[in-house]
Amino acid sequence: MRALFLSIALLLTACSPSNPEPGPPVAAGAPFPDLYEGPADILTVMDAGYPMYVVTARVEGYDGPIDLLLNDQAADLGETAPETLAGRTAILAVITERRNALAALTLDGAPLMAPTEAVADPAARVVIGVLEGAAAPTSSDLPDVLTIAAEDGRIVTFEAFVTPEMTVAEGQTVTATYVEDLVRTITKFRPAPSIPLSSDAEEAAR
């Protein structure tokens, strides 16, 4: 009986380490998730045209650094100004979305916009259909939503700034080349003063 008790005690000891250490939030090199809320070292903040900012951050366990979008009008930043975020460690809530980005747009073979480098991307796609949402040039700081309705029933949606050159194609059949981008957006920021900035992040923020 004593041997039985001793065996059970040894088993419990092996299964319950006395000094467990917390590991990283994920395995090293894992892809960044579609939904994330946790600590991040904010390296840089760049003005991308009001109210948008591009934030570069490092998150432990994930490949980085990671580029994030910040909409100062939509994100919950508390009382924090975006310009003050660089060099800080914070708790961020981030959502990842897949959005279509226009690389080229033509009407009867004539370009309606300057093509981007993405037209050479092997993953670029082409859709031919009726353009809607470009009746007038964009008048705000944020892009308009454009749709192209293809003959096969597909409706492809884009966010783009409408130029006067593009308005002539409203309701017309156009050809669009586009790529699918991963867009990571900060939805909430909270300071985390108790979490020191890592040495790598501190060096990058200088």
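How much accessible surface does the protein chain have, and what percentage of that surface belongs to carbon and sulfur atoms? I noted before anything else that the model is predicted. The accessible surface comes to about 12500 Å², and carbon and sulfur atoms account for 56% of that surface.

**Entry: the chain as a whole**

I looked up the secondary structure and found three helices and nine strands. I then read the elements along the sequence and recorded the pattern α-β-β-β-β-β-β-β-β-α-β-α. The protein chain has 206 residues, of which 31% are buried. I also consulted the contacts between residues at least 6 apart in sequence: 65% of these join residues at least 24 apart.

**Entry: Asp 47**

I located Asp 47 in strand 1, which covers residues 35-47. Is Asp 47 buried or exposed? Its relative accessibility is 58%, so I entered Asp 47 as exposed, the cut-off being over 50%. Leaving aside residues up to four places away in sequence, I found that Asp 47 touches Met 52 and Tyr 53. The side chain of Asp 47 also reaches the backbone nitrogen of Gly 49, at 2.7 Å. I looked up one further pair: Asp 47 and Glu 83 lie 36 residues apart in sequence, and their C-alpha atoms are 8.4 Å apart in space.

**Entry: Thr 80**

I found Thr 80 in the loop between strand 3 (66-71) and strand 4 (89-107). Why does Thr 80 count as buried? Thr 80 has a relative accessible area of 16%, and buried means under 20%. Which residues does Thr 80 touch, not counting those up to four places away in sequence? I recorded Leu 85, Arg 88 and Phe 189.

Technical notes:
Residues are numbered from 1 along each chain as its sequence is written. This is a predicted model: local features need pLDDT of at least 70, side-chain atom pairs count only at pLDDT 80 or more; totals for chains, interfaces and linings use all residues. Side-chain values use heavy atoms; hydrogens and water are left out. Helices (H or I, at least four residues) and strands (E, at least two) are DSSP runs, numbered from the N terminus. Buried means under 20% relative accessible area, exposed over 50%, partly exposed in between (1.4 Å probe, protein chains only). Contact means heavy atoms within 4.5 Å. Accessible areas come from the Shrake-Rupley method with a 1.4 Å probe; for residues, only the protein chains shown count as cover. A polar contact is a pair of N or O atoms within 3.5 Å; within protein, one must be able to donate a hydrogen and the other to accept it, and residues adjacent in sequence count only if both atoms are side-chain atoms.
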